[in-house]
Structures are given as structure tokens and as C-alpha cells.
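Hi everyone, thanks for coming along. I have one structure to walk you through today, so let me put it up on the screen.

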Amino acid sequence: MSDAGKMLVLFGVLMVLLGLLLIFFEKLPFGLGKLPGDIVLKRDNFVFYFPIVTSIILSILLTLLLNLLFSLKR
């Protein structure tokens, strides 16, 4: 049961860090969210934004980070 508690705490810390990242997302210096390949459609009173390339890069980074954390846990 203590392993489940540790995983929940780790998940909570990651969620807090992700929340802080989203708060300060526009102030990030490396342009996440405005990369070439991110889809932005602007019409008269409609904006559709789909950050596909940003999502792929964040997915790769999170995968590497979690694999590192789990390998250090063993």
C-alpha cells in the first residue's frame, strides 16, 4: 500500500509542476506552443489551436523523464 501512496505523491508533484508550467507557458523562452507544425486557424470570431508538434515534444520529454525516474527506483 505504501508504494501506491508514493506513486500518488509523485503524480501530484508532477501535476503541480505541469500546472505551474501552464501558468507561465507564454513566458517560456524556447517557444513551446508556437513551433512550426502547430496548427492555428483564425476566422472572424473563431480560433482553433492544435499544438501537435509541441505535444509530441512534450510527450518525448515526459517519456524520457519517467523512464529515468523508474530506472532509478529499481
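Let's begin with Asp38, which is buried: its relative accessible area is 13%, and that counts as buried because the cut-off is under 20%. Keep in mind as we go that this is a predicted model.

Where does Asp38 sit in the chain? Asp38 belongs to the loop that runs between α1, residues 2–23, and β1, residues 39–42.

And which partners does the side chain of Asp38 reach? One is the backbone nitrogen of Ile52, at 3.5 Å. Another is the side chain of Thr54, and there the polar contact is 2.8 Å.

Now step along to Ile39, which is in strand β1. Buried, partly exposed or exposed? Ile39 is partly exposed, with a relative accessible area of 37%; that label applies because the value falls between the 20% and 50% cut-offs.

Ile39 also takes us to the surface, where it is one of the residues in a nonpolar patch. Among the other members are Leu41, Phe46, Phe48 and Phe50, along with Ile52, Ile56, Ile57, Ile60, Leu61 and Leu64. Together the patch residues have about 960 Å² of accessible area. The elements giving two or more residues to this patch are β1, β2 (47–50) and α2 (52–73). Of these, α2 gives the most, with six residues. Notice that Ile52 turns up twice in our story: its backbone nitrogen is reached by the Asp38 side chain, and Ile52 is listed in the patch as well.

Next, the strands themselves. β1 and β2 pair in the antiparallel sense, over four bridges. If you want one pair to look at, find Val40, whose bridge partner in β2 is Tyr49. The connection from β1 to β2 is a hairpin through four residues. As a general reminder, side chains in a regular strand alternate between the two faces of the sheet.

Finally, a word on confidence. The chain averages a pLDDT of 84, and 86% of the residues score at least 70. Where pLDDT is low, the predicted coordinates should not be read in detail.

That's my tour, and I'm happy to go back to any part of it.

Definitions and conventions:
Residues numbered from 1 in each chain as written. Predicted model: local features only at pLDDT ≥ 70, side-chain atom pairs only at ≥ 80, totals over all residues. Heavy atoms only, no water. Buried < 20%, exposed > 50% of the residue type's maximum accessible area, 1.4 Å probe, protein only. Polar contact = N/O pair within 3.5 Å; in protein donor to acceptor, adjacent residues only side chain to side chain. Patch = residues over 30% accessible without salt bridge, like charges linked within 9 Å, V, L, I, M, F, W, Y side chains within 5 Å. Areas by Shrake-Rupley, 256 points an atom, 1.4 Å probe, with all protein chains shown as cover. Salt bridge = Lys/Arg side-chain N within 4 Å of Asp/Glu carboxyl O. pLDDT = per-residue confidence, 0-100. Pairing = 2+ DSSP bridges.
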